[in-house]
Amino acid sequence: MDTAVKYHRSSRKWNGCTVKEAHQNLMEQWKLARAHFAKIDLPWFGLRVAEPHKDGTPHLHAFVYCPAERKEELMRICAMIARSECADELTSKKQRKARFHAKPCDPAKGSATGYIIKYISKNINGSHMPEGNAGELAVSVRAWASAWGIKQFSQSGSHRWECGDSYAERIKPMSLSMRT
């Protein structure tokens, strides 16, 4: 998920906002998406990572779990919200994809957990990253987040469909008795 062009310092359309203000815009979009999920009772949980573009403008990477039959709905809501501000500037498929892009995890390419771990590692210390300067980049990203008061990592969502009685009802009686 990315901000509209007006939040990017490298754009001639930049509105003069700070990095923190651009990040707050992204967080408002994410808050709105979560409100939509709650309104339609769409259970989900996940983790998001904030990191800077080369010009310092923040963008988000996320992995989100939801019931398989509702994933298209979740992605549609997020795309609608991310692309609503300054929608007139999104005249091509490439521009729409730059603002918001989501896809289901392809097990042949790796797991969703592997994807998000890559971004966590990349933003903490650069360990196990193929880039030779990954450690230096991680220090820069941590300094960026600290300078602007940006929370880089956040877990959120609900495990409603995997909690309490609904989960216990699906556990075989034998495994349930072994847990006591």
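**Figure 1. H23, a buried histidine of helix 1.** In this predicted model, H23 has a relative accessibility of 4% and counts as buried. The residue belongs to helix 1, which spans residues 19–39. Setting aside neighbours within four places in sequence, H23 contacts R48, A50, P58, I150 and K151. Of these partners, R48 and A50 fall within the range of strand 1, residues 45–52. Helix 1 also carries the highest mean confidence in the chain, a pLDDT of 96.

**Figure 2. Helix 1 against helix 2.** Helix 1 (residues 19–39) packs on helix 2 (residues 71–82) at an angle of about 145°. Their axes lie 10 Å apart. The crossing is right-handed. Helix 1 supplies Q29, W30, L32, A33, H36 and F37 to the contact. Helix 2 answers with L74, I77, C78, M80, I81 and A82. By class, 10 of the contact residues are nonpolar and 2 are polar. None is charged.

**Figure 3. The largest nonpolar core.** This core holds 23 residues. F37, W44, L74 and C78 have the most contacts inside it. Helix 1, helix 2 and helix 5 (134–148) each give two or more residues to the core. Helix 2 provides the largest share, with 7 residues. Three of the best-connected core residues also appear in the helix 1–helix 2 contact: F37 from helix 1, and L74 and C78 from helix 2.

**Figure 4. A second core.** A separate nonpolar core has 7 residues. Among them are L47, V49, F63 and I116. L47 and V49 lie within the range of strand 1 (45–52). I116 lies within the range of helix 4 (112–124).

**Figure 5. S156 in strand 3.** S156 sits in strand 3, residues 153–157. Its relative accessibility is 16%, under the 20% limit, so S156 counts as buried. Beyond four places in sequence, S156 touches W30, R34, W44, F45 and G46. W30 also takes part in the packing of helix 1 on helix 2. W44 is one of the residues with the most contacts in the largest nonpolar core.

**Figure 6. N125 between helix 4 and helix 5.** N125 lies in the loop that links helix 4 (112–124) to helix 5. The residue is partly exposed, at a relative accessible area of 41%. Outside its neighbours within four places in sequence, N125 contacts A134, G135, A138 and R142. These four partners lie within the range of helix 5 (134–148). N125 and R142 are 17 residues apart in sequence. Their C-alpha atoms are 8.8 Å apart in space.

**Figure 7. K118 and M129.** K118 is part of helix 4. At a relative accessible area of 38%, K118 is partly exposed. K118 and M129 stand 11 residues apart in sequence. From C-alpha to C-alpha, the two are 7.7 Å apart.

**Figure 8. Positive phi at D41 and C86.** D41 is not a glycine, yet its phi is positive, near 55°. D41 lies in the loop between helix 1 and strand 1. With 49% relative accessibility, D41 counts as partly exposed. C86, also not a glycine, has a positive phi of about 55°. C86 is found in the loop between helix 2 and helix 3 (93–99). Its relative accessible area is 24%, and C86 is partly exposed.

**Figure 9. The low-confidence stretch at residues 163–180.** Over residues 163–180, pLDDT stays under 50. The model has 8 contacts beyond four places in sequence for this stretch. Helix 7 (residues 173–178) has the lowest confidence in the chain, at a mean of 36. The chain as a whole averages a pLDDT of 85. Of its residues, 88% score at least 70.

**Figure 10. The elements in context.** The chain has 7 helices and 3 strands. From the N terminus, their order is α-β-β-α-α-α-α-β-α-α. Of the 180 residues, 37% count as buried. Among contacts between residues at least 6 apart in sequence, 61% join residues at least 24 apart.

Definitions and conventions
Residues are numbered from 1 along each chain as its sequence is written. This is a predicted model: local features need pLDDT of at least 70, side-chain atom pairs count only at pLDDT 80 or more; totals for chains, interfaces and linings use all residues. Side-chain values use heavy atoms; hydrogens and water are left out. Axes are lines fitted to C-alpha atoms, for helices over the stretch in contact, and angles run from 0 to 180 degrees between N-to-C directions. A crossing is left-handed if the near helix is turned anticlockwise from the far one by less than a right angle, and right-handed if clockwise. Contact means heavy atoms within 4.5 Å. Ala, Val, Leu, Ile, Met, Phe, Trp, Tyr, Cys and Pro count as nonpolar, Asp, Glu, Lys and Arg as charged, and the others, Gly among them, as polar. pLDDT is the predictor's confidence in each residue, from 0 to 100. A nonpolar core is a set of buried Ala, Val, Leu, Ile, Met, Phe, Trp, Tyr and Cys residues joined through side-chain atoms within 4.5 Å. Buried means under 20% relative accessible area, exposed over 50%, partly exposed in between (1.4 Å probe, protein chains only).
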